[in-house]
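Please find below my notes on the model, set out as numbered points for you to check against the coordinates.

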Amino acid sequence: MSENIAYYSKHAESLADNYNRVPFESVHKDWLHALPEQGMVLDVGAGSGRDARYLAARGLNVVAVEPAQELREVAQQYTVNSAVRWIADSLPDLNKVFALHTKFDLILLSAVWMHIPSSTRERSLRKLSSLLKPNGKLVISLRHGACHDERTMYPVSADELAQLASRYGLTFQLLTPEQQTDELGRDDVSWQTVMLTLPDDGTGAFPLLRNIVVNDNKTSTYKVALLRSLLRIAEGHPGAVLDQTDDHIALPVGLVALYWLKLYKPLVDHYGMHQSTNSGKGLGFVKPHGWQLLSDRSAGDFTIGAQYSDEAIVQPLYRALKDIASTIKNMPAKYTTIPGSGNAVFAVELNRTQKPKRNLTLDLPFLSALGTFYVPKHIWDSLTRFSVWIEPALVNEWAALMASYAPNKQKAFNRSDYLVALDWKDDTRTTTRVRQRINTLLAEDKVHCCWTGKPIKPNRYAVDHAFPFARWPNNDLWNLLPSQAQVNLEKLDRLPSRERLSTARELILTWWQQGWQINKSEFFTQANLALPNLSHHNQSFDDVFEALALQRDRIKDIQQLAEW
């Protein structure tokens, strides 16, 4: 593979010219009918970007994968301001693609399969199949014939792909039974096209989730709370995944515990709502030296990236998260089982850790130091993609459980009380801190609207959630942008279009640097956990913007929000 990458890099300009001479419609005429009308596309081995440009022009959001740097750089010159996001990655691993936590309507491998050795083809197809949405199409072109340069190519066959497809539940369709001539006029080269489809027969995740939410025996709200904590992470923190295999993804157990704390804080401390059938026994995670010392704090006091130096909060917060992690491991994770087997759905590993002496930062090193939480891959995928439908079911079940407990009945809570207490927006939608920062800057300098570039005026501006809070509740620093008040009213709860976001790039980067250069640690901690395809050590504002653009496409694809 390395020698091929070297070849494509060395001959980038001439190869790009050759590829671009042949129209997309000519090369891919056999499957044009299968092009999705909207959605996400993965172009593996995107080369000159010819196919990526065509697909983006059709209104599709394209992730273009090209490992040859020089060829990728040439191609990127032609996709500026288009819906194409470039990634340096390659088969069989596609680690950076998997870090996006995105499923695709179409995956294209044009003139790529012959470069993959037989020994890694099964693994490659397994990886690709796991990136497809239900009903998603995987299109592979097969090159037959000699190679007259220094590239390494291997024999290919449709029969081999048919056998591999059957192993992973993909339907196989050979679109060109007769090998077709080469569009570049090479007499000794011919092509076939294969289309593989992932049937929409379900993964078993929805029935399992429904069983846990609706049917599973519950004496407390713990199982529902665990699912909602995981859902919040799946929806809002694709960068939090520590590791993933074909079967499981690994999360910092401290992050699961943190969301548990944020969900239960208003219920227990503010509303005094009981969470189990046993009114005489307290909650396992509410202990004197942890949770109870934080009773005067709100859920909004605990945010990712926050730093604490007050001993009155450092030790209790550490202890509370440890107690919650232990409760999760020994209760809901242990007793949430697969129907009929008794096997636990989730797995938890807790680590021995030293108490922080003076300072505590809610960042990835701390949250992952507490241990690891393992989620089955198909459950994670469903939580990620279908959170907008799953969360109402969790909230309704949680409210129904609390309404069934005798101590709550005695307090005469009504259904509205429970739903208000469970409303996630109770966390922190406040923009006070960002306003304080803007006001400080305005006293010394100009601050510009991130959407129009016009200077904003004191007391006549808004702080806009780039991604609307009502549909994707995120209050991180990177998602809060100074805006003219009228522009914010015009935007409402719409998602910025890719064109508008691209136009605003320099304005957003300027604001981030102006606003948060002095507090980069919290800014990057939040961004690296919330946005896809960022390393946990990233310190680049430009990389955060690229991840922001990818997340925009991801939210648009999953939630189908109206665009602005």
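1. Helix α22 (residues 505-516; helices are DSSP runs of H or I with at least four residues, strands runs of E with at least two, numbered from the N terminus) has 12 residues, which at 1.5 Å a residue should span 16 Å, and its end C-alpha atoms are indeed 16 Å apart. The expected span is 1.5 Å times one less than the number of residues.

2. This is a predicted model, in which local features need pLDDT of at least 70 and side-chain atom pairs count only at pLDDT 80 or more, while totals for chains, interfaces and linings use all residues. Residues are numbered from 1 along each chain as its sequence is written, and side-chain values use heavy atoms, with hydrogens and water left out.

3. In α22, I508, L509, W511, W512, G515 and W516 are buried (under 20% relative accessible area, with a 1.4 Å probe and protein chains only). They cover an arc of only 160 degrees around the axis, taken from the directions from the helix axis to the C-beta atoms, and therefore lie on the same side of α22. Their cover includes α19 (432-442), β16 (480-484), α21 (498-503), α23 and α24 (541-559).

4. Within α23 (residues 520-530) sits N528, which is buried, with a relative accessible area of 3%. Leaving aside neighbours within four places in sequence, N528 is in contact (heavy atoms within 4.5 Å) with G239, L534, S535, H536, H537 and N538.

Key:
Buried means under 20% relative accessible area, exposed over 50%, partly exposed in between (1.4 Å probe, protein chains only).
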